[in-house]
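These are my notebook entries on one structure. I set down what I looked up, entry by entry.

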Amino acid sequence: MYKFTKSLTSLITVGAFVFAMTNVSVCLATPNEDQVPNLVGTWSGENKTYSEKKGYSNWNKTVEISEQKGRIFKGQFTYSDGTKHFFGVIYPDNTSFTWVAVDSKGYNQGRIYSKNNISACYAESGADATVGCVELTKKGQ
């Protein structure tokens, strides 16, 4: 009986270890590079912003993402002060992204909801502090 109990205990211990390792590997698996969403295209939506200097404002925003290589993308949008060129990255969760511009002090943090819907929120601190968000829909969809 002792040998049977010892063997059963060893078997349960090994089984628990294999189960735990399987779950860890599934949880730590990184998304396949083939699953990276393609953001290339023209996106539009109503941008809602606030700043101390300008107060609340709403305006139609069109964002053109012209190129993407893997997780890295670049594009531009036009607004009242001109055209802003930016570049960004899609995070490994394939849902979140950030874009920045050389001539900006803030960051755009975004979320991908589907292949045709994303959002982007801007935050800038300091003397020109500004916040704003836009829900964007891919044109032609």
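Entry 1, conventions. I counted as a polar contact a pair of N or O atoms within 3.5 Å; within protein, one must be able to donate a hydrogen and the other to accept it, and residues adjacent in sequence count only if both atoms are side-chain atoms. I worked on a predicted model, in which local features need pLDDT of at least 70 and side-chain atom pairs count only at pLDDT 80 or more, while totals for chains, interfaces and linings use all residues. Residues are numbered from 1 along each chain as its sequence is written, and side-chain values use heavy atoms, with hydrogens and water left out.

Entry 2, Thr98. I located Thr98 in strand E5; helices (H or I, at least four residues) and strands (E, at least two) are DSSP runs, numbered from the N terminus. The side chain of Thr98 makes a polar contact of 2.7 Å with the side chain of Tyr91. I then asked whether Thr98 is buried or exposed. Thr98 counts as buried because its relative accessibility is 9%, where buried means under 20% relative accessible area, exposed over 50% and partly exposed in between (1.4 Å probe, protein chains only). I listed its contacts (heavy atoms within 4.5 Å). Beyond four places in sequence, the residues in contact with Thr98 include Phe73, Phe87, Gly88, Tyr107 and Gln109.

Entry 3, overall architecture. I found 1 helix and 8 strands in the protein, and from the N terminus on the elements run α-β-β-β-β-β-β-β-β. The 8 strands close into a barrel with antiparallel pairing, in the order E1-E2-E3-E4-E5-E6-E7-E8. Two strands pair if DSSP finds at least two bridges between them. On average, neighbouring strands of this sheet are turned by 30° against each other, direction ignored; the axes are lines fitted to C-alpha atoms, for helices over the stretch in contact, and angles run from 0 to 180 degrees between N-to-C directions. I also noted that 29% of the 141 residues count as buried. Of the contacts with a separation of 6 or more, 32% are between residues 24 or more positions apart.

Entry 4, strand pairings. Strand E4 (residues 82-90) runs antiparallel to strand E5 (residues 96-100), and 4 bridges join the two; Gly88 has Trp99 as its bridge partner in E5. Strand E6 (residues 107-114) and strand E7 (residues 117-124) are antiparallel and joined by 7 bridges. I recorded Ser119 in E7 as the bridge partner of Arg111. E6 and E7 form a hairpin with 2 residues between them. E7 also pairs with strand E8 (residues 130-138), in the antiparallel sense over 8 bridges, with Val131 in E8 as the bridge partner of Ala123. The hairpin of E7 and E8 has 5 residues between the strands, and Gly126 in its turn has a positive phi of about 100°.

Entry 5, Gln76. I found Gln76 in strand E3. Gln76 is partly exposed, with a relative accessible area of 33%. Its side chain makes a polar contact of 3.4 Å with the side chain of His85. From C-alpha to C-alpha, Gln76 lies 5.8 Å from Phe86, although the two are 10 residues apart in sequence. Among the residues that Gln76 touches more than four places away are Thr62, Glu64, Thr83 and Lys84.

Entry 6, nonpolar core. A nonpolar core is a set of buried Ala, Val, Leu, Ile, Met, Phe, Trp, Tyr and Cys residues joined through side-chain atoms within 4.5 Å. Which residues of the largest core touch the most other members? They are Leu39, Val63, Phe73, Phe86 and Trp99, out of 17 residues. Strand E2 (55-69), strand E3 (72-79), E4, E5, E7 and E8 each give two or more residues to this core.

Entry 7, aromatic rings. I paired rings of Phe, Tyr and Trp (its six-membered ring) if their centres lie within 6.5 Å; planes under 30 degrees apart count as stacked, over 60 as edge-to-face and the rest as tilted. The count comes to 6 aromatic pairs. Phe73 and Phe97 form an edge-to-face pair, 6.0 Å centre to centre with 80° between the planes. This pair links Phe73 in strand E3 to Phe97 in strand E5, 24 residues apart. Phe73 counts as buried at 1% relative accessibility, and Phe97 is buried with a relative accessible area of 1%. The pair of Phe97 and Trp99 is stacked, because the ring centres are 5.9 Å apart and the planes are at 15°. I closed with the aromatic cluster, which Phe73, Phe77, Phe86, Phe97 and Trp99 form together.
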